[in-house]
Number of protein chains: 2
Amino acid sequence: MYSIREKNKINKRKCILEAAMRLFSKKGYEQTSIEELAREAGIGKGTVYSYFQTKKDIVRAFCEDELDYVRQELAENANLDTPLVEQLMIIFMAEFRHVSKNKEFGRLYLQEKILPREHHSAEDLEVQEQYFKLLYPIYQRAQERKELRTDLELLHISGHFYGLYLLMVSCWYNGMIPTEEIPEAMETMIRQTLEGLKP
Amino acid sequence: MYSIREKNKINKRKCILEAAMRLFSKKGYEQTSIEELAREAGIGKGTVYSYFQTKKDIVRAFCEDELDYVRQELAENANLDTPLVEQLMIIFMAEFRHVSKNKEFGRLYLQEKILPREHHSAEDLEVQEQYFKLLYPIYQRAQERKELRTDLELLHISGHFYGLYLLMVSCWYNGMIPTEEIPEAMETMIRQTLEGLKP
DNA sequence: AAACAAAATCGACCGCAGTCATTTTTGTTT
DNA sequence: AAACAAAAATGACTGCGGTCGATTTTGTTT
């Protein structure tokens, strides 16, 4: 069980996150100062920093919470026996939808996630690899169904599709692909990756 | 011909960039203040901002200058008739070498390039598409040699390989792949993309 | 060479992210 | 309930990125 202290901490953390999202959404990330955010959350400025290390960390926490939720939902409703392309589309589009709905936060979050500052612990590495392994069961079943070659490492397969995701997100942020064309483009690219670029 | 004024401007810009790289390399980007940088370059703080809009822009300009140079060299020494995998490896490894030699700058540069802040002009979009078209001649020749399917759009082909590049860079920054294993991993992934992931 | 407009330079100033010594709150012991 | 130690909260303060109006330099015209 959580002590009263711990419950309050968890609760206040949520308050800060909610206040942050209200203000960031209304005025934008850059235009919201920590002091203002603290006022909105009904606490002092310094207190914010005992819950989050930096301003960006607040965004990161929000996105991670949200994505954890999205992924859990997906895991619960997953059907490992639908065709691979379909499964990948459901997963990537869910993640993309979250990013595109929160364009500014998504950018800050992905920037740090894709190209992180020098990381310290071996723990960070573990987290990252965990992310790559998330889809392993899907790939294994697809291999069993002969939808994927069995002579490839799962890590590599994960890599290919993650690379495509990075590509699509980057193209979207660069304005090369409008939101409504993303699904089609994504599916095309997945299919081509499966078929190969060679004649 | 450039006027005296223009020559001075170009020259002073170079001075600032050189001072910046000296300090950033020695003390790191965050630890170097603009005021210090101005002192090193022998000018006032405000002057720096009539050459560059933001601190990050200084890094960006440095990386772009450098990469332009790398790309020009590659273009001159290119042999469009060597096998596609080989050509791609030369190009991507050249870019990657630049990034990995300047880890901190490379990160800041790529963060902005991959996931840029809301862009304004249609010009930015043009620049980005230009980058994708850079390798078109290579792909076309590869198609003629039957190394690539001809029923695919060149933009998509470019996308596939650029996606792989993003993947490798991200894995490297996340500490998942050490520098010396990048070439092997890169080549493996390129080959798999060509062959396809389907049995 | 004097007068002058345009361009370039400058540094005092502003707002904000992040720190830290001090104060307040909380839970426990006597 | 008084005393006390640990945890949490606080806001004055620091340093830096970026701005802007004042000042100097430059090139041109008379």
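1. The surface near DNA strand D is a good place to start. By class, it has five nonpolar, six polar and six charged residues. Keep in mind throughout that this is a predicted model. Which residues come nearest to DNA strand D? Of the 17 residues around the strand, they are Lys12(A), Gly44(A), Thr47(A), Lys45(B) and Lys55(B).

2. Next, the parts of DNA strand D that face the protein. Of its atoms within 4 Å of the protein, 64% belong to sugar or phosphate. The rest belong to bases.

3. Three contacts to phosphate oxygens of DNA strand D deserve a look. A polar side-chain atom of Lys55(B) lies 2.5 Å from one such oxygen. For Ile34(B), a backbone N or O atom lies 2.8 Å from a phosphate oxygen of the strand. For Tyr49(B), a polar side-chain atom lies 3.2 Å from a phosphate oxygen of the strand. The elements that give two or more residues to this surface are helix 1 and helix 3 (45-48) of chain A together with helix 1 and helix 3 of chain B. Helix 1 of chain A gives the most, with three residues.

4. Now DNA strand C. There are 17 residues around this strand. Those that come nearest are Ile34(A), Lys45(A), Lys55(A), Lys12(B) and Gly44(B). How do the residues of this surface divide by class, and what are the counts? Five are nonpolar, six are polar and six are charged. Of the strand's atoms within 4 Å of the protein, 65% belong to sugar or phosphate and the rest to bases.

5. Chain A supplies these phosphate contacts to DNA strand C. A polar side-chain atom of Lys55(A) lies 2.6 Å from a phosphate oxygen of the strand. A polar side-chain atom of Tyr49(A) lies 3.3 Å from a phosphate oxygen of the strand. Thr32(A) uses its backbone: an N or O atom there lies 3.4 Å from a phosphate oxygen of DNA strand C. The elements that give two or more residues to the surface near this strand are helix 1 (4-27) of chain A together with helix 1 and helix 3 (45-51) of chain B.

6. How are the two protein chains related? A rotation of 180° superposes chain A on chain B, with 0.0 Å of shift along its axis. The RMSD is 0.1 Å. The two copies are thus related as by a two-fold rotation axis. Which C-alpha of chain A is nearest the axis? That of Gly196(A), 1.7 Å from the axis.

7. Aromatic pairs come next. The count is 20 over all chains. Take Phe24(B) and Phe105(B). Their ring centres are 6.2 Å apart and their planes stand at 55°, so the pair is tilted. This pair links distant parts of the chain. Phe24(B) is in helix 1 (residues 4-27) of chain B and Phe105(B) is in helix 6 (residues 103-114) of chain B, 81 residues apart. Are these two residues buried or exposed? Both Phe24(B) and Phe105(B) are buried.

8. A second pair in chain B is formed by Phe132(B) and Tyr162(B). This one is edge-to-face, at 5.2 Å centre to centre and 65° between the planes. Here too, distant parts of the chain are linked. Phe132(B) belongs to helix 7 (residues 122-133) of chain B and Tyr162(B) to helix 9 (residues 154-173) of chain B, 30 residues apart. Phe132(B) has 4% relative accessibility, so Phe132(B) counts as buried. Tyr162(B) has 5% relative accessibility, so Tyr162(B) counts as buried.

9. In chain A, ring pairs build a cluster. Its members are Phe24(A), Tyr29(A), Phe62(A) and Phe105(A).

10. Lysines also sit over rings. Lys9(A) lies over the face of Tyr51(A), at 5.1 Å from the ring centre. In chain B, the charged end of Lys103(B) sits over the ring of Trp172(B), 4.7 Å from its centre.

11. A last stop is His98(B). Where is His98(B) found? In helix 5 (residues 84-101) of chain B. Its relative accessibility is 6%, and therefore His98(B) counts as buried. His98(B) and Leu67(B) are 31 residues apart in sequence. In space they are 7.6 Å apart, C-alpha to C-alpha.

Definitions and conventions: Residues numbered from 1 in each chain as written. Chains lettered and ligands numbered in written order. Predicted model: local features only at pLDDT ≥ 70, side-chain atom pairs only at ≥ 80, totals over all residues. Heavy atoms only, no water. Phe/Tyr/Trp six-rings, centres within 6.5 Å; stacked < 30°, edge-to-face > 60°. Helix = DSSP H or I, 4+ residues; strand = E, 2+ residues; numbered from the N terminus. Buried < 20%, exposed > 50% of the residue type's maximum accessible area, 1.4 Å probe, protein only. Lys NZ or Arg CZ within 6 Å of the ring centre and 35° of its normal. Near = heavy atom within 4 Å. Polar contact = N/O pair within 3.5 Å; in protein donor to acceptor, adjacent residues only side chain to side chain. Nonpolar A, V, L, I, M, F, W, Y, C, P; charged D, E, K, R; others polar. Least-squares fit on C-alpha atoms with pLDDT ≥ 70 in both.
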